[in-house]
Amino acid sequence: SSGINAEYGDNCATVQTITDQMSNEWAFGLPRGSPYATLINNQFLDYRERGLFAEMWDAHYTSGVECPVQLEESSRFGLGVVSGLFALFVFGIFLSFLVLLFEVIHVSRMDARKEGKSVCSCFGTRLTLKAREIREEWFGGSGPLDTEL
């Protein structure tokens, strides 16, 4: 019995993969232009055609233990839970964006009453100031938005 069988063969809690899904190609590294490359490649093809690699795989990496199929989900965070959490996360971001938008509109209306300007011009001023603040915080520089308002 191989080391892998001794380590994992009798443990039904390990993940078992389907051999058709798991490609186990054999390779052998040789320098470019080696005269042995053709010989080794032909030998590997012969072994694969005769099924020797499949026999080696079965002999060394499969155990005689049949594990019961688990019908229930073993993880608390399955796809249904994670997708629900993601939908909640997206909804929270959308809701916070709406609150921000309503707050900026409300403050722009208050500015318009106080300064005697239109709500749109005050809203544009607020957005310009916020864009300038974000740019200075993230990029730390001046640019085309640094004009006087």
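# Exercises on a Predicted Helical Chain

Leu30 is partly exposed, with a relative accessible area of 32%. The model to which this residue belongs is predicted. The exercises below begin with Leu30 and then proceed to the helices.

**Exercise 1. Determine where Leu30 lies and which residues Leu30 touches.**

Solution.
Step 1. Leu30 is located in the loop that runs between helix H1 (3–9) and helix H2 (37–50).
Step 2. When residues up to four places away in sequence are not counted, Leu30 touches Tyr36, Ala37 and Ile40.
Step 3. Ile40 stands 10 residues from Leu30 along the chain, and the C-alpha atoms of the two are separated by 9.6 Å.
Step 4. The value of 32% falls between the limits of 20% and 50%, so Leu30 is classed as partly exposed.

**Exercise 2. Describe the secondary structure of the chain and state what share of its residues is buried.**

Solution.
Step 1. The chain has five helices and zero strands.
Step 2. Read from the N terminus, the order of elements is α-α-α-α-α.
Step 3. The chain has 149 residues, of which 9% count as buried.
Step 4. The exposed area of the chain is about 13000 Å², with 61% supplied by carbon and sulfur atoms.
Step 5. Consider contacts between residues at least 6 apart in sequence: 30% of these join residues at least 24 apart.

**Exercise 3. Compare the span of helix H4 with the expected span, and identify buried residues of H4.**

Solution.
Step 1. Helix H4 covers residues 79–115 and has 37 residues.
Step 2. The expected span is 1.5 Å times one less than the number of residues, which for H4 gives 54 Å.
Step 3. From the first C-alpha to the last, H4 reaches 53 Å, which is close to the expected value.
Step 4. Val104, Ser108, Asp111 and Ala112 are buried in H4. The cover over the buried residues of H4 includes helix H5 (119–139).
Step 5. Just after H4, Gly116 has a positive phi of about 75 degrees.

**Exercise 4. Is Ser108 buried or exposed, and with which residues is Ser108 in contact?**

Solution.
Step 1. Ser108 is part of helix H4.
Step 2. The relative accessible area of Ser108 is 0%. Buried means under 20%, so Ser108 is buried.
Step 3. Leaving aside neighbours within four places in sequence, the contacts of Ser108 are Val119, Cys122, Phe123 and Arg126.

**Exercise 5. Which residues make the nonpolar surface patch of about 570 Å²?**

Solution.
Step 1. The patch is made by Val81, Leu85, Leu88, Phe91, Leu95 and Val99.
Step 2. Take Leu95, a residue of helix H4. Leu95 has a relative accessible area of 42% and is partly exposed.
Step 3. A residue of a patch must have over 30% relative accessible area, and the 42% of Leu95 therefore meets that requirement.

**Exercise 6. State how many salt bridges the structure holds, and examine three pairs: Arg50 and Asp46, Arg126 and Asp111, and Glu133 and Lys130.**

Solution.
Step 1. The count comes to four salt bridges.
Step 2. The side chains of Arg50 and Asp46 form a salt bridge at 3.4 Å, N to O. Because Arg50 and Asp46 are four residues apart in helix H2, about one helical turn separates them. Arg50 is exposed, at 54% relative accessibility, whereas Asp46 is partly exposed, at 30%.
Step 3. Arg126 and Asp111 form a salt bridge in which the closest N and O atoms are 2.7 Å apart. This pair links distant parts of the chain, for Arg126 belongs to helix H5 and Asp111 to helix H4, 15 residues apart. Arg126 is partly exposed, with a relative accessible area of 34%, while Asp111 is buried, at 14%.
Step 4. In the salt bridge of Glu133 with Lys130, the closest N and O atoms are 3.6 Å apart. Both residues lie in helix H5, three residues apart, or about one turn of the helix. Glu133 is partly exposed at 44%, and Lys130 is partly exposed at 41%.

**Exercise 7. Classify the aromatic pair of the structure.**

Solution.
Step 1. The structure holds one aromatic pair.
Step 2. The rings of Trp138 and Phe139 have centres 6.4 Å apart and planes at 80 degrees.
Step 3. Planes over 60 degrees apart count as edge-to-face, so the pair is edge-to-face.
Step 4. Trp138 and Phe139 are both exposed.

Note on methods: Residues are numbered from 1 along each chain as its sequence is written. This is a predicted model: local features need pLDDT of at least 70, side-chain atom pairs count only at pLDDT 80 or more; totals for chains, interfaces and linings use all residues. Side-chain values use heavy atoms; hydrogens and water are left out. Patches are made of residues with over 30% relative accessible area and no salt bridge: like charges are joined within 9 Å, nonpolar side chains (Val, Leu, Ile, Met, Phe, Trp, Tyr) within 5 Å. Accessible areas come from the Shrake-Rupley method with a 1.4 Å probe; for residues, only the protein chains shown count as cover. Helices (H or I, at least four residues) and strands (E, at least two) are DSSP runs, numbered from the N terminus. Buried means under 20% relative accessible area, exposed over 50%, partly exposed in between (1.4 Å probe, protein chains only). Rings of Phe, Tyr and Trp (its six-membered ring) pair if their centres lie within 6.5 Å; planes under 30 degrees apart count as stacked, over 60 as edge-to-face and the rest as tilted. Contact means heavy atoms within 4.5 Å.
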